[in-house]
Amino acid sequence: MANEAVAAPRFAAVGAGRMGRGIAIAFAYAGHRIALVDLRERSDEAWQKLRAEARAEIESSLSGLAQLGVLDAAQVPAIAARVELVPAADAPRALAAAELVFEGVPETLEAKREAFEQINRHCREDAILTSTTSSILVTQIAALVKRPERFLNMHWLNPAYVIPVVELSCHPGTDAAVLARTKALMEAIGKLPVVCGPTPGYIVPRLQALVMNEAARMVEEGAATAEEIDKATRYGLGLRFAALGVVEFIDFGGADILHHASREMSGSIDPARYAAPAILDRMMEEGRLGLKSGSGFYDYAARDVGAYRRDVLARTLGMLKHAGLWRPPADRTQP
């Protein structure tokens with residue numbers, strides 16, 4: 001592997017903050033060299049301080065994984081060394097070598113514009129460009145990119161080196177081959193890419209914002225304490241949606257259950273917040289209630305329903321046992 005020591009990294013994370021460092025760890029842990037690029041012009045003293053902070057955070061994060069038994073502590077220096085910290089003066093070289101670039105500068109359109117001016121100038125023509133923004137639509141940033149067909153947003157969930165899901169948000173001009181290549185590259189480092197359109201909040205933030213706001217309202221109303229809500233979400237809601245996806249869960253319980261529950265809570269809590277969407281009304285009219293009717297959001301006609309139910313149960317029990325939460329019922333044959 002003599003060439004590995006001199007070859008330029010194939011990947012570049014632009015922006016040396018928390019997100020860039022997390023992305024760098026994800027690639028380094030998977031065995032790849034990656035450039036962590038700072039585009040801001042700094043004095044040598046300021047750069048050395050940032051460099052030391054970034055290096056310390058990367059090594060600390062990896063050491064934390066070692067303490068949890070995820071990797072051997074002896075591996076930490078070698079993994080951390082795969083991250084090349086690049087100052088603004090060397091950014092052109094790092095960008096020119098990267099086949100996949102992650103922009104992660106502050107969340108303003110002006111900061112994105114300035115970053116992509118440099119990325120456009122120095123990156124390869126065939127490079128795939130992504131923005132890790134959590135708040136700016138892909139259609140807005142695509143206008144800043146030289147080759148928008150090779151651009152998409154990629155939202156990582158913190159900590160970026162732990163959570164497997166990455167949300168890929170495409171604009172109408174994103175090349176299908178570019179999307180396929182991006183998915184393959186992310187899967188190769190152990191990530192689980194999910195695709196959505198140019199929608200505010202992607203998938204996970206849009207769902208979790210509703211849950212978090214409702215939890216805050218419940219505390220405010222005195223419906224339950226923060227501690228009780230967190231216990232219920234960790235060991236009830238969380239386990240449910242780890243074993244079944246949200247839409248899959250609608251089918252599993254039945255669209256009619258959600259429809260009726262929405263009607264009751266809409267009347268007693270808030271008409272707008274709990275109103276059932278039109279798609280649920282259509283499913284009720286068409287008799288597409290989910291698993292019980294053979295079709296819902298998914299088609300169950302060709303499935304072995306009994307095997308499917310057992311698989312869901314096995315997934316749930318497996319997580320309970322892994323977390324040390326499964327308590328088998330007492331032996332009732334004893335007096």
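A pocket, for these exercises, is an open set of points on a 1 Å grid over the protein atoms alone, with protein on both sides within 12 Å along at least five of seven lines; a cavity is a set of points where a 1.4 Å probe fits but cannot get out, and lining residues have an atom within 4 Å of a point. The model is predicted, so local features need pLDDT of at least 70 and side-chain atom pairs count only at pLDDT 80 or more, while totals for chains, interfaces and linings use all residues. Residues are numbered from 1 along each chain as its sequence is written, and side-chain values use heavy atoms, with hydrogens and water left out.

**Exercise 1. Find the residues nearest the centre of the second largest pocket, then describe its lining.**

Step 1. Start with Gly15, Asp38, Arg40, Val105 and Pro106, which lie nearest the centre, out of 21 lining residues.

Step 2. Now look for helices (DSSP runs of H or I, at least four residues; strands are runs of E, at least two; both are numbered from the N terminus). Helix H1 (18–29) and helix H5 (109–122) each supply at least two residues of this lining.

Step 3. Sort by class: Ala, Val, Leu, Ile, Met, Phe, Trp, Tyr, Cys and Pro count as nonpolar, Asp, Glu, Lys and Arg as charged, and the others, Gly among them, as polar. You get 10 nonpolar, 5 polar and 6 charged residues.

Step 4. Add the volume, meaning the space filled by probe spheres set on the points, with grid points joined across faces, edges and corners. For this pocket it's about 360 Å³.

**Exercise 2. Work out which helix gives the most to the lining of the largest pocket.**

Step 1. The largest pocket has a volume of about 2400 Å³. Its lining runs to 48 residues, with Leu207, Val211, Leu237, Phe241 and Val246 nearest the centre.

Step 2. List the helices that supply at least two lining residues each: H8 (204–221), H9 (226–243), H10 (246–253), H11 (255–268) and H12 (278–286).

Step 3. H8 is the answer, with 12 residues. By class, the whole lining splits into 34 nonpolar, 8 polar and 6 charged residues.

**Exercise 3. Compare the linings of the two cavities of 30 Å³ or more.**

Step 1. The largest cavity is about 70 Å³. Among the residues lining it are Asn120, Arg124, Glu125, Lys146 and Arg150, and the class tally is 3 nonpolar, 1 polar and 5 charged.

Step 2. The second largest cavity holds about 50 Å³. Its lining includes Ser134, Ile136, Asn153, Thr199 and Tyr202, and here the tally is 5 nonpolar, 6 polar and no charged residues.

Step 3. Take a second look at Tyr202, which sits in the loop between S8 and H8. This residue has a positive phi of about 50°, although it is not a glycine.

**Exercise 4. Trace the strand order of the sheet and find what packs on its S3 end.**

Step 1. Two strands pair if DSSP finds at least two bridges between them. On that basis 8 strands make an open, mixed sheet in the order S3-S2-S1-S4-S5-S6-S7-S8.

Step 2. S3 (83–86) and S8 (192–196) are the edge strands, each pairing on one side only. From one strand to the next the twist averages 25° (axes are lines fitted to C-alpha atoms, for helices over the stretch in contact, and angles run from 0 to 180 degrees between N-to-C directions).

Step 3. S2 (34–37) and S3 run parallel, joined by 4 bridges; one of the partnerships is Ala35 with Glu84. Helix H2 (44–67) packs on the sheet, touching S2 and S3 (contact means heavy atoms within 4.5 Å), and its direction makes about 160° with that of S3.

**Exercise 5. Place two prolines in their loops, and say which one follows a cis peptide bond.**

Step 1. Pro87 is in the loop between S3 and helix H4 (91–97). Leaving out residues up to four places away in sequence, Pro87 touches Asp38 and Trp47.

Step 2. Pro159 is in the loop between S6 (151–156) and S7 (165–169). The bond from Asn158 to Pro159 is the cis one, with omega near -5°.
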